[in-house]
Amino acid sequence: VSEVYLYALLSATPACEAGFGVCAERLRLVSIGDLVALVGDVRDPPAPTALAVRAQEAVLRRLAAVVDAVLPVRFGTVVADDAALAESLMPRRPQLARALGRVSGCEQMTLRVWGDVTAAAVPAVAIGGGPGTRYLDGRRLARQRAQRVPELEPARRRLGDLVREERAERHDRPPLVATVQHLIPRGTGARYLGEIDAARDLLRPWRVSATGPWPAYAFVEEAA
Amino acid sequence: MTPASDAATSPHCLVRAVGRPSLAGAPRGLPGLGPVRVLTAGEGLCLTAAAVPLARYDGARIARHLRDLDWVALHGAADESPFDLVDNPLNHGVVISGELMHGLAGVDLFALRLQAVLCAADGVSARGEP
């Protein structure tokens with residue numbers, strides 16, 4: 001008995017063969033309304049090894065070369081059959097379609113900011129109001145701060161309109177200060193890395209490492 | 001590298017293939033490199049390679065930059081970071097729960113994530129971070 005392993009959602013049917021998947025299975029496409037799901041029939045889902053993750057990444061990269069929008073699905077997602085897949089995805093079609101539109105023609109770059117966390121901005125403290133208001137304001141400020149990475153401002157100025165969208169997350173794991181994901185037009189990864197390289201002196205004392213381009217894993221939150 | 005005026009050729013890997021291997025989805029490589037191309041090496045072997053601007057990657061410049069931890073971080077991990085390669089598929093992407101089964105036991109995922117973090121920590125140590 002096989003299960004359906006879900007790789008990605010696509011904006012259109014690729015013009016070429018879908019190829020083979022992580023378990024050497026032939027990949028196939030399942031149309032669900034306007035969505036196209038890339039799936040493989042597997043006896044068992046792939047074991048979570050670095051090799052399997054790498055293979056799944058390769059499948060997505062191959063498809064991204066021939067389809068405008070690829071929405072990656074989290075590793076290890078299986079469903080009983082195509083009917084169950086459709087049943088699950090149909091109610092979320094609007095969100096998934098919006099997410100596909102967002103990542104269309106784009107890919108993701110990942111920045112990690114390293115440095116002495118004691119030099120990071122001090123979190124704002126909520127003042128005024130009653131205890132309930134202060135509590136809620138404190139939560140809001142903490143959430144806002146968790147998504148702000150002012151250390152990257154010099155790089156942002158250089159990157160300019162190269163960045164379509166940004167997702168940022170601060171960490172409490174020194175020396176890692178923050179992770180920032182940027183959605184950029186496909187084919188601009190080299191220019192992006194060049195701009196980051198050129199901004200290094202301005203970014204000090206923070207060190208920034210950049211990887212990518214990747215499929216747009218971090219920009220599916222509306223559909224996640 | 002084989003110097004040729006202002007550019008050189010950087011070989012990436014040797015491939016044994018029945019036909020000419022497809023380059024669809026191939027990583028773009030380090031900043032400033034030309035497109036990856038396939039060179040026939042005979043006896044069913046092909047070499048993937050890219051043009052390298054010597055102004056950016058000549059031996060003296062690389063040797064000088066190897067002491068610059070930020071440069072190594074940027075150029076050495078330009079296309080593949082072990083951490084991001086594993087972290088992205090495991091922690092991001094469309095999540096479908098409830099109706100769908102997830103085929104992986106939590107303990108396995110934890111072990112894999114731990115390996116990824118350790119890989120990343122090794123990389124950071126190599127770049128001189130604590």
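In which strand of chain A is the place of Pro213(A)? The legends below belong to a predicted model, and the opening view takes up this question.

**View 1. Two cis peptide bonds of chain A precede the prolines Pro205(A) and Pro213(A).** Pro213(A) is placed in strand β9 of chain A, and the peptide bond that joins Gly212(A) to Pro213(A) is cis, with an omega of about 5 degrees. The bond from Arg204(A) to Pro205(A) is also cis, its omega being near 15 degrees, while Pro205(A) itself belongs to the loop between α7 (200-203) and β9 (207-214) of chain A.

**View 2. Ala24(A) has a positive phi although it is not a glycine.** The phi angle of Ala24(A) is about 65 degrees, and the residue is found in the loop that runs between β1 (3-10) and β2 (27-32) of chain A. With a relative accessibility of 60%, Ala24(A) counts as exposed, because the cut-off for that class is over 50%.

**View 3. Tyr5(A), Tyr7(A) and Phe75(A) form a cluster linked by ring pairs.** Over all chains, the structure holds two aromatic pairs. In one of them, Tyr5(A) and Tyr7(A) meet edge-to-face, with 4.9 Å from centre to centre and 75 degrees between the planes. Tyr5(A) is buried at a relative accessible area of 0%, and Tyr7(A) likewise counts as buried at 0% relative accessibility. The rings of Tyr5(A) and Phe75(A) have their centres 6.4 Å apart and their planes at 75 degrees, so this pair too is edge-to-face. It links distant parts of the chain, since Tyr5(A) lies in strand β1 of chain A and Phe75(A) in the loop between β4 (70-72) and β5 (77-79), 70 residues apart. Phe75(A) is buried as well, with a relative accessible area of 4%.

**View 4. Three strands of chain B form an open sheet in the order β1-β3-β2, with antiparallel pairing.** The edges are held by β1 (7-16) and β2 (37-42) of chain B, each of which has a single partner strand, so one side of each is left without a neighbour in the sheet. Direction ignored, neighbouring strands of this sheet are turned by 35 degrees against each other on average. Between β2(B) and strand β3 (residues 45-53) of chain B, which run antiparallel, there are five bridges, and Thr40(B) stands opposite Cys46(B) in β3(B).

**View 5. Arg170(A) and Glu151(A) meet through their side chains in a salt bridge.** Twelve salt bridges are found over all chains of the structure; in this one, the N to O distance is 2.8 Å. The pair connects distant parts of the chain, with Arg170(A) in strand β7 (residues 165-173) and Glu151(A) in the loop between α4 (131-146) and α5 (153-159) of chain A, 19 residues apart. Both Arg170(A) and Glu151(A) are buried.

**View 6. Arg156(A) forms salt bridges with Glu153(A) and with Glu166(A).** The closest N and O atoms of Arg156(A) and Glu153(A) are 2.8 Å apart, and these two residues both lie in helix α5 of chain A, three residues apart, or about one turn of the helix. Glu153(A) is partly exposed, its relative accessible area being 34%. For Arg156(A) and Glu166(A), the closest N and O atoms are also 2.8 Å apart, but this pair links distant parts of the chain, from helix α5 to strand β7, ten residues apart. At 28% relative accessibility, Glu166(A) counts as partly exposed.

Technical notes: Residues numbered from 1 in each chain as written. Chains lettered and ligands numbered in written order. Predicted model: local features only at pLDDT ≥ 70, side-chain atom pairs only at ≥ 80, totals over all residues. Heavy atoms only, no water. Helix = DSSP H or I, 4+ residues; strand = E, 2+ residues; numbered from the N terminus. Buried < 20%, exposed > 50% of the residue type's maximum accessible area, 1.4 Å probe, protein only. Phe/Tyr/Trp six-rings, centres within 6.5 Å; stacked < 30°, edge-to-face > 60°. Pairing = 2+ DSSP bridges. Axes fitted to C-alpha atoms, helices over the stretch in contact; angles between N-to-C directions. Salt bridge = Lys/Arg side-chain N within 4 Å of Asp/Glu carboxyl O.
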